[in-house]
Amino acid sequence: MEFKDISLEKPRNTSDSLDNIGKEKLDSLKEAIEEIGELIISRKKLSKKIFEEAEKEKRDIDNFLLEVDAKNSVAEVDDVREKISLRQKRVELSELQLNEKVSSWKDVALLRKELREKQRELNEKQGRLEMFGKILEEK
């Protein structure tokens, strides 16, 4: 049976093992922060796209109404109903835009709140890890 002289073995570096333990959590937090940032950007882009599409629809309705008015100086009952319907659709599109702005603002605000919480947690964990590293270096 062979015996090893334990005193000759290289001592374990507790600072490195502590770094490895904390590194996983820090990497996870950094990844979550990055994903939240990407979600904020995506939500803003989506909101902008919805708003632009609604604007295009409203312009199309306005142009159609101007076209109909130019062709028919004498309005028939059916034309009046159609115009009212189109104007109602335009109002609905404006309401959709307003609701989208509010929803987007709420979504982005919640994402930013979550982002701040993750950043705070990351900073705390990095601080603790540095503190433990300094304590271990002193010993």
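Which residues line the largest cavity? Hold that one for a moment while we look at the overall fold. What you have here is a predicted model.

**The overall picture**

The chain has two helices and zero strands. Helix 1 covers residues 14-71, and helix 2 takes in residues 77-138. Of the chain's 139 residues, 20% count as buried. If you take the contacts between residues at least 6 apart in sequence, 87% of them join residues at least 24 apart.

**The cavity**

Back to the opening question: the lining of the largest cavity is made up of F64, L65, V68, D79, E82, K83 and L86. Its volume comes out at about 40 Å³, and the structure holds one cavity of 30 Å³ or more. Helix 1 and helix 2 are the elements that each give two or more residues to this lining. The largest share, four residues, comes from helix 2. Sorted by character, the lining residues split into four nonpolar, no polar and three charged.

**The nonpolar cores**

As a rule of thumb, nonpolar side chains in soluble globular proteins tend to be buried together. In this model, the largest nonpolar core has 10 residues: L26, L29, I33, I36, I40, V108, L111, L115, L122 and L129. Helix 1 and helix 2 are the elements that give two or more residues to this core. For a look at how one member is placed, try L115: leaving out residues up to four places away in sequence, L115 touches I33, I36 and I40. Apart from the largest core lies another, of five residues, including I61, L65, L86 and L93. You've already met two of those names, since L65 and L86 also line the largest cavity.

**Some residues to click on**

Start with Q97, which sits in helix 2. Is Q97 buried or exposed? Q97 is buried, because its relative accessible area is 4%, and the cut-off for buried is under 20%. The side chain of Q97 makes a polar contact of 2.8 Å with the side chain of K58. Neighbours within four places in sequence aside, Q97 is in contact with F51, A54, E55 and K58.

E100 is in helix 2 as well. With a relative accessibility of 11%, E100 counts as buried too. Setting aside its neighbours within four places in sequence, E100 has R43, S47 and I50 as contacts.

K48 has its place in helix 1, and E114 lies in helix 2. K48 is exposed, because its relative accessibility is 53% and exposed means over 50%. E114, at 36%, is partly exposed.

Here are the four side by side:

| Residue | Relative accessible area | Class |
|---|---|---|
| Q97 | 4% | buried |
| E100 | 11% | buried |
| E114 | 36% | partly exposed |
| K48 | 53% | exposed |

**Two distances across the sequence**

How many residues apart in sequence are K48 and K101? The answer is 53, while their C-alpha atoms are 8.9 Å apart in space. E114 and I36 make another pair to check: they are 78 residues apart along the chain, with 7.7 Å between their C-alpha atoms. I36 is one of the residues of the largest nonpolar core, and I36 is also among the residues that L115 touches.

How values were computed
Residues are numbered from 1 along each chain as its sequence is written. This is a predicted model: local features need pLDDT of at least 70, side-chain atom pairs count only at pLDDT 80 or more; totals for chains, interfaces and linings use all residues. Side-chain values use heavy atoms; hydrogens and water are left out. Buried means under 20% relative accessible area, exposed over 50%, partly exposed in between (1.4 Å probe, protein chains only). A polar contact is a pair of N or O atoms within 3.5 Å; within protein, one must be able to donate a hydrogen and the other to accept it, and residues adjacent in sequence count only if both atoms are side-chain atoms. Contact means heavy atoms within 4.5 Å. A nonpolar core is a set of buried Ala, Val, Leu, Ile, Met, Phe, Trp, Tyr and Cys residues joined through side-chain atoms within 4.5 Å. On a 1 Å grid over the protein atoms alone, a cavity is a set of points where a 1.4 Å probe fits but cannot get out, and a pocket is an open set with protein on both sides within 12 Å along at least five of seven lines; lining residues have an atom within 4 Å of a point. Grid points are joined across faces, edges and corners, and a volume is the space filled by probe spheres set on the points. Ala, Val, Leu, Ile, Met, Phe, Trp, Tyr, Cys and Pro count as nonpolar, Asp, Glu, Lys and Arg as charged, and the others, Gly among them, as polar.
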